[in-house]
Each structure stands twice: as C-alpha cells, then as structure tokens.
Amino acid sequence: MADLQHWLDRWQQDRIGFHEADINRHLRRRLPEYGLSPGATVFLPLCGKAHDIGWIARQGYRVVGIEISRIAVEAFFAEQGLDAEVVESERFRCYRAAGITLLQGDFFDLRADDLADCALVYDRAALIAMTRAQRPDYFAHMLTILPADARMLLITLEYDQAEMTGPPYAVWEEEVRDNYAGRYDIDLLERGDIIDERERWRKVGLTALGEVVFRLEPRA
Ligand SMILES: C[S@@+](CC[C@H](N)C(=O)[O-])C[C@H]1O[C@@H](n2cnc3c(N)ncnc32)[C@H](O)[C@@H]1O
C-alpha cells in the first residue's frame, strides 16, 4: 500500500529509483506537438524533483507541481540553483521561482481554483504511483480539479501485476479509457517494451514491461 508515509519515507531514505537522471524522452518529443501558447501553464501531479519541471519552464511555460515531500521540493530548487519564495497557506507550502510553482502538500487537497489556468497536464509516474484502491479517487479528483479545456500527456506502465507488487503499479489501457474517455478523446501515441531498461525489475521476476504514451484532448 503506497500511502503518503511510504513516499515520505522513500524521500527520507533517498530510495528514489523513479527519479530520472535526464529529461523524460517522451516529454521532450511530445511537448512541442501540443503547440501551447507562450506562458501557458503545465501541471505536474506528484512531481517529485523531476528535471522535467525545469525543462518545461525553460520552454517558456509556467509550471505548477504538487508534491507531498518537502525534501523533494526543496531538493528541486536547490539543485536548479533557484532561490524560491516560500509562502504557507492553509493547504500547502507554496514555493515559487522562475515561473515554477511547487505546492508541497497532498494532491487530494487541490481545488479547481488552484489549476484554473492549466492548459496541459503532464502525468509521468503519478497515476501509476497510485494503488488500485487509490486510482478511482485519483481519476475522479483529477477530473474535478482540471479546467474543461485542459489537455493531457499521460505515460503509463503495463505489466503482469502478479510478477511485481509495485509501485509503480500496472495501469492498463482499458483502465485509462474507462476513466478518461467520458471527457477526452484518447490517442495512444506509442507503446514499447522497456524491460531491457529495468534490469532490477527483471531480476525480481518481471518478464515484460510496456510503456504507453497517451495524448488526451478534451472533447469539443
Ligand atoms: C513515482 S514518484 C514520481 C515523481 C515524478 N513524477 C517523477 O517523474 O520523477 C511519485 C511522487 O508522488 C509523490 N506523492 C505520492 N502521493 C502523493 C500525494 N497524494 N500528493 C502529492 N504527492 C504525492 C511522492 O512523494 C513521489 O515523489
């Protein structure tokens, strides 16, 4: 059960195998395809200290991220050499610098007015960080807080959950469609087997690992 304490402990113990050393290759390739307006806001749920945050900001977009771990948020700004302004609010501790706003707090405390300007959601290792039991709430909350015209770039993993417990959890295409097709046209951009890039998981018994990239466009 990957609850909040699980994630806080992982940051505390520096067990952050999910953190990518570089910009995510799908983000780098796909973000330009959205043709966002300069200054548009990109939302990163469960953002960690991903290098993607800074890269998106450097493309000329505003970034809003939510992350439960203060260690992660403070590490992000420190590693980027950015001196963030910090403001405490009732729900979040809010860090701001260089067009980047990171809210330290719980995703489930976000409200629609926090994301009123969101043009694009970039969901990498966020949906798949949620357990099967948490995911219905995650989908429902996401649909509640996003503006109707927000688009999404979503990356999921598909594997036999009997071979590995997770996180990350397997989220199959059918589940994405069951939960998002009511609001979005869903385009499966690519699916590849990336097991060769995850030697550690192969060693614990994983035989195949599908990585799937979706583009979600709100229905007109
Ligand atoms: C698998 S990591 C992915 C981080 C980031 N998206 C990346 O690509 O590196 C999931 C992150 O979500 C955070 N997290 C988990 N549950 C959360 C919640 N309910 N609200 C905010 N952050 C949460 C964890 O602390 C962790 O940093």
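Helix α6 spans residues 173-180, and E175, V176 and Y180 are buried in it. Viewed down the axis of α6, these buried residues fall within an arc of 105°, so they line one face of the helix. The face turned away from that buried side carries exposed residues, E174 and D178. The cover over the buried residues of α6 includes helix α5 (135-145). Strands β7, β8 and β9 are also among the elements that cover them. The model described here is a predicted one.

Strand β7 is one of the elements that cover α6. Eight of the eight residues of β7 are buried, so the strand is largely enclosed by the rest of the structure. Both of its faces are covered. On one side lie R151, L153, I155 and L157, all buried. On the other side lie M152, L154, T156 and E158, and these are buried too. Strand β7 pairs with β6. The pairing is parallel and runs over five bridges. Within this pair, V121 stands opposite M152 of β7.

Helix α2 covers residues 25-34. Its buried residues are H26, L27, R30, L31 and Y34. They cover an arc of only 115° around the axis, which puts them on the same side of α2. Several elements contribute to the cover over this side. Among them are helix α3 (51-58) and the strands β6 (118-124) and β7 (151-158). Strands β8 (184-193) and β9 (210-218) also take part. Strand β7 thus recurs, as it helps to cover the buried residues of α2 and those of α6.

The two ends of α2 can also be described. At the N-terminal end, N24 acts as a cap. A side-chain oxygen of N24 lies 2.9 Å from the backbone nitrogen of H26. H26 is itself one of the buried residues of the helix. Just after α2, G35 takes a positive phi of about 55°.

The ligand has 15 residues around it. Of these, W11, L46, E67, F107 and R124 come nearest. Polar contacts with the ligand involve both backbone and side-chain atoms. A backbone N or O atom of I68 lies 3.0 Å from a nitrogen atom of the ligand. A polar backbone atom of F107 is 2.8 Å from a ligand nitrogen atom. The side chain of R124 places an N or O atom 2.6 Å from an oxygen atom of the ligand. Taken alone, the ligand exposes 590 Å², and the protein buries 96% of that area.

W11 comes up again in the surroundings of K49. K49 is found in the loop between β1 (41-44) and α3. At 12% relative accessibility, K49 counts as buried, because the cut-off for that class is under 20%. Leaving aside neighbours within four places in sequence, K49 is in contact with W11, I16 and H19. Its contacts also include A72, A75, F76 and E79.

A75, one of these contacts of K49, has its place in helix α4 (residues 70-80). A75 is buried, with a relative accessible area of 19%. I23 lies 52 residues away from A75 along the chain. The C-alpha atoms of A75 and I23 are separated by 16 Å.

Terms used:
Residues numbered from 1 in each chain as written. Predicted model: local features only at pLDDT ≥ 70, side-chain atom pairs only at ≥ 80, totals over all residues. Heavy atoms only, no water. Buried < 20%, exposed > 50% of the residue type's maximum accessible area, 1.4 Å probe, protein only. Helix = DSSP H or I, 4+ residues; strand = E, 2+ residues; numbered from the N terminus. Arc of directions from axis to C-beta. Contact = heavy atoms within 4.5 Å. Polar contact = N/O pair within 3.5 Å; in protein donor to acceptor, adjacent residues only side chain to side chain. Near = heavy atom within 4 Å. Areas by Shrake-Rupley, 256 points an atom, 1.4 Å probe, with all protein chains shown as cover. Pairing = 2+ DSSP bridges.
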